[in-house]
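Student: Could you take me through one part of this protein in detail? I would like to see how a single helix sits in the whole chain.

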Amino acid sequence: MLFSPLTLGELELPNRLVMAPLTRLRAGEKGVPGPLIAEHYRQRASLGLIVSEGTYPAAAGQAYPGQPGIVTQEQVAGWKTVTDAVHAEGGRMFAQIMHGGRVSHSDITGGLPIVGPSAVAIDGVVRTPAGKQPYPVPHPLTTDELPMVIQEFVNASLNAIEAGFDGVEPHAANGYLLHEFLAPNSNVRTDSYGGSPENRARFVIETINAVVAALGANRVGLRISPSTTSRASPRPMQRTSAPHTRSSWTASHRSTWHT
Ligand SMILES: Cc1cc2nc3c(=O)[nH]c(=O)nc-3n(C[C@H](O)[C@H](O)[C@H](O)COP(=O)(O)O)c2cc1C
């Protein structure tokens with residue numbers, strides 16, 4: 001079964017082995033993928049599909065030093081060398097679009113403010129180039145600011161297609177920005193983006209809908225992790241919110257999601 005083909009959106013996968021997104025932090029200070037990253041993915045091109053490491057859609061969304069981005073033309077050109085290497089070996093590759101949200105520090109984002117759904121900091125320390133520091137209290141995104149963040153996801157997704165990726169996977173798992181909206185411990189908003197499971201899922205659904213409008217559902221996946229307890233989500237997302245996100249997504253797009 002694992003070695004039988006699978007149709008996934010527009011793609012024909014020769015087998016059902018999909019490489020999970022794995023952050024490697026090898027993109028240097030400018031977040032530009034170089035030859036080492038191209039070789040890393042080229043070596044794995046025989047898998048049915050590769051999902052890239054989490055890649056930031058805006059400088060304020062960078063979570064780690066050395067993480068790659070997909071914002072600047074230099075970053076897009078760097079990724080093109082990666083997708084060219086994978087395609088030359090007959091492989092297929094999605095870009096994971098990951099906004100770190102409150103899992104970061106202004107020493108990592110080049111001084112840009114750290115954002116999240118609410119002014120609730122992670123209880124712990126973050127590794128920065130200057131050493132370990134307490135996680136900052138994030139700036140709570142206003143309803144006026146949310147469309148700009150959605151646009152960053154859309155722009156990054158369009159950049160990913162320009163860079164030769166076969167599709168994108170917005171990252172709504174593992175405690176980063178989109179997951180922070182889903183999780184009741186990081187989202188204590190009282191507006192239409194907080195409170196009920198439907199409200200907490202709203203920002204994720206608006207984001208994914210905007211990316212689908214730009215790229216088409218056949219080229220868009222979504223990652224969620226309802227039971228994660230890692231880092232920013234010491235308590236799992238309430239179970240009621242995960243099925244809502246998943247069913248809204250599959251009902252509207254009939255596309256891919258994974259946990
Ligand atoms: C070093 C490392 C980096 C990871 N980076 C990402 C990432 O960038 N994006 C993501 O969605 N998951 C990331 N994950 C989670 C993995 O994709 C995977 O879900 C996790 O390792 C659990 O799978 P396993 O039980 O097979 O190890 C990472 C995991 C590890 C160990």
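Tutor: Happy to; here is a close look at helix α5, with its surroundings and a second helix alongside. The model is predicted, so local features are used only at pLDDT of at least 70 and side-chain atom pairs only at pLDDT 80 or more, while totals for chains, interfaces and linings use all residues. Residues are numbered from 1 along each chain as its sequence is written.

First, the setting. The protein chain has six helices and 12 strands (DSSP runs numbered from the N terminus: H or I of at least four residues for helices, E of at least two for strands). Of its 259 residues, 46% are buried, meaning that 20 or more other C-beta atoms lie within 10 Å of the residue's own, with C-beta atoms placed from the backbone; 12 or fewer would be exposed, and anything in between partly exposed. Contacts pair residues whose C-beta atoms, placed from the backbone, lie within 7 Å. Among contacts between residues at least 6 apart in sequence, 72% join residues at least 24 apart.

Now to α5 itself. This helix covers residues 197–215, and its 19 residues reach 27 Å from first C-alpha to last, close to the 27 Å expected at 1.5 Å a residue (the expected span is 1.5 Å times one less than the number of residues). At Phe203, α5 bends by about 35°, the bend being the angle between axes fitted to the seven residues ending there and the seven starting there. Phe203 is also one of the buried residues of α5, which include Arg200, Arg202, Val204, Thr207 and Ile208. After the helix comes Gly216, with a positive phi near 95°.

Val204 deserves a second look. Together with Ile70 and Val168, Val204 touches the most other members of the largest nonpolar core, which has 56 residues. Such a core is a set of buried Ala, Val, Leu, Ile, Met, Phe, Trp, Tyr and Cys residues joined through C-beta atoms within 7 Å. α5 gives the most to this core, with six residues. In soluble globular proteins, nonpolar side chains tend to be buried together.

For company, look at α2, residues 73–88: its 16 residues reach 22 Å, close to the 22 Å expected. Its buried residues include Val76, Trp79 and Val82, and the elements covering the buried residues of α2 include α1, β4, β5 and α3. Just after α2, Gly90 takes a positive phi of about 85°.

Note on methods. Two residues are in contact if their C-beta atoms, placed from the backbone, lie within 7 Å.
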